[in-house]
Amino acid sequence: MIQFTNVDKRYEDGHDALKQVSFSLSRGEMAFLTGHSGAGKSTLLKLIMLMERATKGQIVVGGQNLARIPARQIPYFRRHIGVVFQNHRLLFDRTIFDNVALPLEVAGANPRDIGKRVRAALDKVGLLSKEKLTPIQLSGGEQQRVGIARAVINKPPVLLADEPTGNLDPELSGEIMRLFEQFNQVGVTVLIASHDLALIHDMRHRVIELDQGRIQERPAMETPHG
Amino acid sequence: MAKAKPEAPKPRNSGAAPTKQANELQSYLDNHRKVFRSTWQSQSRSPLASLFTCSVIGIALVLPVLLALLLSNLQAVNLGWDGSAQITLFFEDNIDQQTAQDWSKQLEKRANIAAVEFIDKDRALAEFSAAMEMSTTLDYLDGNPLPHSVLVTPHASLKSLADLQALEQQLAQYDLIASSMLDVLWLQRLQALAAFMERSVWLIATMLALAVILILGNTIRLAIESRREEIIVLKLVGGTNAFVCRPFLYMGCFFGLGGSLIAILLSQVIIALLNAPIRALAQSYQSQYELSGLGFESTLFVLVTGLVLGWLGAWLAVRRHLTEIEPN
């Protein structure tokens with residue numbers, strides 16, 4: 001589903017964020033992307049959703065070579081990738097319902113379907129009763145669940161998350177991660193960037209470690225941190 | 001391992017195939033309606049700020065509107081000169097009064113001449129000396145130096161200067177006519193003035209249209225800046241540029257339309273205020289005249305112009321600033 005082949009990313013200021021990165025993630029696989037801050041986790045995710053372009057190498061997502069997607073096609077491509085951010089990126093002047101409905105509206109979904117699908121997604125993350133509230137009225141964990149509902153509303157084949165539990169306590173973090181697992185169980189390919197090694201260890205999924213822009217992959221069970 | 005399945009990222013045809021296009025159209029229209037409503041709501045949430053912006057546009061638009069109105073009123077005067085142009089034909093000295101008078105009578109039968117007034121040389125002298133109050137001076141002249149003349153009033157169907165000039169030329173060609181005079185200097189001056197005003201109107205209108213575009217461009221730029229986070233989120237979830245632009249284009253149209261409404265209102269008020277002194281002026285000339293305001297077509301034109309300028313200003317701002325805002 002996601003395949004990197006010898007990918008380099010050098011920013012305009014000369015900083016090499018990724019060096020010779022090669023890995024692949026099969027359809028329906030779930031993996032964690034770890035590493036110190038600045039190791040290149042966010043850059044890797046940005047490359048997948050075309051927020052950045054690779055300097056060298058090839059990235060194929062869902063059979064599409066990203067280098068061949070022109071700028072004006074990027075919005076259509078992004079509709080097939082769900083993304084969850086550490087800071088949620090919710091719109092605070094809109095209701096929870098409207099926030100979750102955003103990807104559907106953007107994609108021009110049938111207005112009659114929107115209500116049904118938004119409620120289904122909110123139900124999935126356990127926030128059905130809060131659709132009329134605004135994000136400011138929710139706790140951090142709830143806000144993140146709204147972010148997840150928004151990311152999956154389009155039923156994307158790929159779900160990316162950048163430090164989705166970064167601001168949450170361990171218990172809430174566990175809940176959020178289990179939510180990702182549920183989506184993975186119905187066939188969604190999930191890639192989560194996180195430095196919460198304890199949590200990752202418990203989850204027993206594949207771990208891709210980045211160190212100064214290079215891949216240090218190791219089997220899930222060997223994670224030494226406790 | 002990654003399977004190179006080309007269909008994976010393509011749009012899903014989740015809906016029933018035959019109604020898909022209808023759905024998309026409905027969704028598209030729905031989005032327009034929503035954007036229109038939310039634009040209206042967000043503007044009415046800050047009515048004073050919106051009114052200020054619209055007023056700036058309105059004041060910028062009202063000046064060319066007023067000038068154009070004055071111009072069209074002037075041109076109406078031009079068209080309605082109403083037979084006040086006259087051609088004076090002076091006979092040769094050797095033509096006697098009877099011949100001149102008979103010839104003048106013949107002129108009256110022409111279709112393009114409304115009236116003919118023969119003035120013999122004695123009457124001309126009497127009128128001249130009366131007008132000049134110098135009868136005593138004229139008494140010293142031996143004989144009457146003035147020729148017989150005839151005052152020709154062209155038919156009212158001859159409206160343009162060119163028509164009048166053609167008639168004058170035609171009449172002056174007769175052998176018994178020494179010279180001719182077309183009394184349309186004021187008409188010529190008016191036409192020159194109108195031409196000057198017309199160009200001024202266009203120049204000023206162009207300048208102010210540019211000003212409107214710049215003002216709106218700046219207003220929209222600020223709006224874009226204040227909604228940066230929203231734009232980024234929309235782009236992240238797959239919003240096309242057209243989708244992201246839409247609210248701002250609506251905002252531009254809204255301001256443009258509001259501005260032209262204010263311009264129309266202001267111009268009607270100003271015309272009403274000007275009409276009182278103009279009526280007094282006309283009365284002093286034993287005439288009735290008043291400025292006419294904007295007609296239906298002109299009102300529509302001003303509204304459409306405002307709309308287009310608003311859209312253009314917004315489009316320029318959007319093109320310049322919206323593409324710069326990319327998630328990172």
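1. Helices here are DSSP runs of at least four residues and strands are runs of at least two, both numbered from the N terminus. With that in hand, chain B of this predicted model has 10 helices and 4 strands. Following chain B along its sequence, you will read the pattern α-α-β-α-β-α-α-β-α-β-α-α-α-α.

2. A word on how chain B is packed. Of its 328 residues, 25% are buried. Take the contacts in chain B between residues at least 6 apart in sequence: 83% of these join residues at least 24 apart.

3. Helix H5 of chain A, residues 140-152, deserves a look. Its 13 residues should span 18 Å at 1.5 Å a residue, and the C-alpha atoms at its ends are 19 Å apart, which agrees. The expected figure is 1.5 Å times one less than the number of residues.

4. How enclosed is H5(A) by the rest of the structure? Largely so, because 10 of its 13 residues are buried. A residue counts as buried if 20 or more other C-beta atoms lie within 10 Å of its own. The buried residues of H5(A) are A:Gln143, A:Gln144, A:Arg145, A:Val146, A:Gly147, A:Ile148, A:Ala149, A:Arg150, A:Ala151 and A:Val152. Their cover includes two strands of chain A, S6 (81-84) and S7 (158-162), along with helices H3 (96-107), H4 (111-124) and H6 (170-185) of that chain.

5. Now for the largest nonpolar core, which has 106 residues. The members that touch the most others are A:Leu33, A:Val100, A:Ala149, A:Leu159, A:Leu160 and B:Ala314. Helix H9 of chain B (residues 241-284) gives this core its largest share, 14 residues. A:Ala149 ties this point to the previous one, being among the buried residues of H5(A).

6. B:Ala314 is worth selecting in your viewer. Setting aside neighbours within four places in sequence, B:Ala314 is in contact with B:Leu216, B:Ile220, B:Phe248, B:Leu249, B:Met251 and B:Gly252. Apart from the largest core lies another core of 9 residues, and B:Ile87, B:Leu89, B:Val150 and B:Val152 are among them.

7. Finally, the interface. Chain A brings 31 residues to the contact and chain B brings 27. On the side of chain B that touches chain A, helices H1 (20-45) and H8 (228-236) each supply at least two residues. Which element gives that side its largest share? H1(B) does, with 7 residues. By type, the residues on this side of chain B divide into 13 nonpolar, 9 polar and 5 charged.

Conventions. Residues numbered from 1 in each chain as written. Chains lettered and ligands numbered in written order. Predicted model: local features only at pLDDT ≥ 70, side-chain atom pairs only at ≥ 80, totals over all residues. Buried ≥ 20, exposed ≤ 12 C-beta atoms within 10 Å, placed from the backbone. Contact = placed C-beta atoms within 7 Å. Core = buried A, V, L, I, M, F, W, Y, C linked by C-beta atoms within 7 Å. Nonpolar A, V, L, I, M, F, W, Y, C, P; charged D, E, K, R; others polar.
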